[in-house]
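Welcome, and please take a moment to look at the sequence and the model side by side. We will start with a single residue and work outwards from there.

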Amino acid sequence: MRYMADESPCTCTTLRRLTRMVTTAYDETMKPSGLRVTQFSVLRTLARLGPLSVTRLAAEAGLDRSTMGRNLDPLEREGFVRITVGEADHRERVATLTEAGEEAIVQATPFWDAAQREMARRISPSTINMLVRQLQ
């Protein structure tokens with residue numbers, strides 16, 4: 001089967017490509033902070049909600065558990081998060097933000113703000129909100 005010129009492009013592929021472009025733009029802007037936008041998001045989620053199981057943290061961040069584990073590894077090595085065993089279930093891993101993680105948020109926030117402003121310049125927040133509403 002050949003692709004026909006009059007067919008519309010795949011919405012899923014287009015949106016995936018778009019999210020990779022946006023993530024790359026944030027990561028480039030945030031590079032001086034030493035954090036990628038996904039790592040920054042993880043730290044901010046822990047700052048907002050407190051210690052969380054890795055499974056719950058993944059759900060809150062919109063990531064699958066294995067991806068969350070890959071994001072937590074460097075954060076733990078840098079001392080930004082501490083991973084401990086759950087109290088009720090010893091198989092559970094719990095992520096806690098450290099003081100160094102709080103400081104990393106403070107240091108990275110101006111870069112994230114700059115990325116936010118640039119995205120808002122390129123894509124109006126109302127357009128993003130409309131897309132979110134339509135896809136919910």
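Leaving aside residues up to four places away in sequence, Val-81 touches Leu-43, Leu-46, Leu-72, Leu-75, Glu-76, Thr-96 and Thr-98, where a contact means heavy atoms within 4.5 Å. This valine lies in strand β2. Val-81 counts as buried because its relative accessibility is 3%; buried means under 20% relative accessible area, exposed over 50%, and partly exposed in between, using a 1.4 Å probe and protein chains only. The C-alpha atoms of Val-81 and Gly-101 are separated by 6.2 Å, with their positions 20 residues apart along the chain.

Before going on, a word about what you are looking at. This is a predicted model, in which local features need pLDDT of at least 70 and side-chain atom pairs count only at pLDDT 80 or more, while totals for chains, interfaces and linings use all residues. Residues are numbered from 1 along each chain as its sequence is written, and side-chain values use heavy atoms, with hydrogens and water left out.

Now step back to the whole chain. It has 6 helices and 3 strands, and from the N terminus on they run α-α-β-α-α-β-β-α-α. Helices (H or I, at least four residues) and strands (E, at least two) are DSSP runs, numbered from the N terminus. The C-alpha trace spans about 55 × 35 × 25 Å along its principal axes. Of the 136 residues in the chain, 29% are buried. Among contacts with a separation of 6 or more, 51% are between residues 24 or more positions apart.

The surface can be described too. About 9,400 Å² of the chain is exposed, and carbon and sulfur atoms supply 54% of that area; such areas come from the Shrake-Rupley method with a 1.4 Å probe, and for residues only the protein chains shown count as cover. The chain carries 19 positive and 17 negative charges, whose mean positions are 6 Å apart. Here Lys and Arg count as positive and Asp and Glu as negative, while His and the chain ends are not counted. The place of a charge is taken as NZ of Lys, CZ of Arg, CG of Asp or CD of Glu.

Which residues touch the most other members of the largest nonpolar core? They are Leu-35, Leu-43, Leu-46, Leu-57, Leu-72 and Leu-75, in a core of 26 residues. A nonpolar core is a set of buried Ala, Val, Leu, Ile, Met, Phe, Trp, Tyr and Cys residues joined through side-chain atoms within 4.5 Å. Two or more residues each come from α1 (11-30), α2 (37-49), α3 (54-61), α4 (65-77), β2 (81-85), β3 (93-97) and α5 (99-122). The helix α5 gives the most, with 6 residues.

Leu-72 is a good place to pause. Not counting residues up to four places away in sequence, Leu-72 touches Val-42, Val-54, Leu-57, Val-81, Ile-83 and Ala-95. One of these partners, Val-54, sits in helix α3. Val-54 is buried, with a relative accessible area of 0%. With residues up to four places away again set aside, Val-54 touches Arg-65, Met-68, Leu-72 and Arg-93. Val-54 and Ile-83 are 29 residues apart along the chain, and their C-alpha atoms are separated by 8.8 Å.

Next, turn to the aromatic rings. How many aromatic pairs does a search of the whole structure find? There is 1 such pair. The ring centres of Phe-40 and Trp-112 are 5.8 Å apart and the planes meet at 35°, so the pair is tilted. Rings of Phe, Tyr and Trp (its six-membered ring) pair if their centres lie within 6.5 Å; planes under 30 degrees apart count as stacked, over 60 as edge-to-face and the rest as tilted. This pair links distant parts of the chain, with Phe-40 in helix α2 and Trp-112 in helix α5, 72 residues apart. Phe-40 is buried at a relative accessible area of 1%, and Trp-112 is buried at 19%.

Finally, visit two residues that are partly exposed. Phe-111 lies in helix α5 and counts as partly exposed at 28% relative accessibility. Beyond residues up to four places away in sequence, Phe-111 touches Thr-29, Met-30, Pro-32 and Ser-33. Ala-25 is found in helix α1 and counts as partly exposed at 23% relative accessibility. From Ala-25 to Met-119 is 8.5 Å, C-alpha to C-alpha, although the two are 94 residues apart in sequence.
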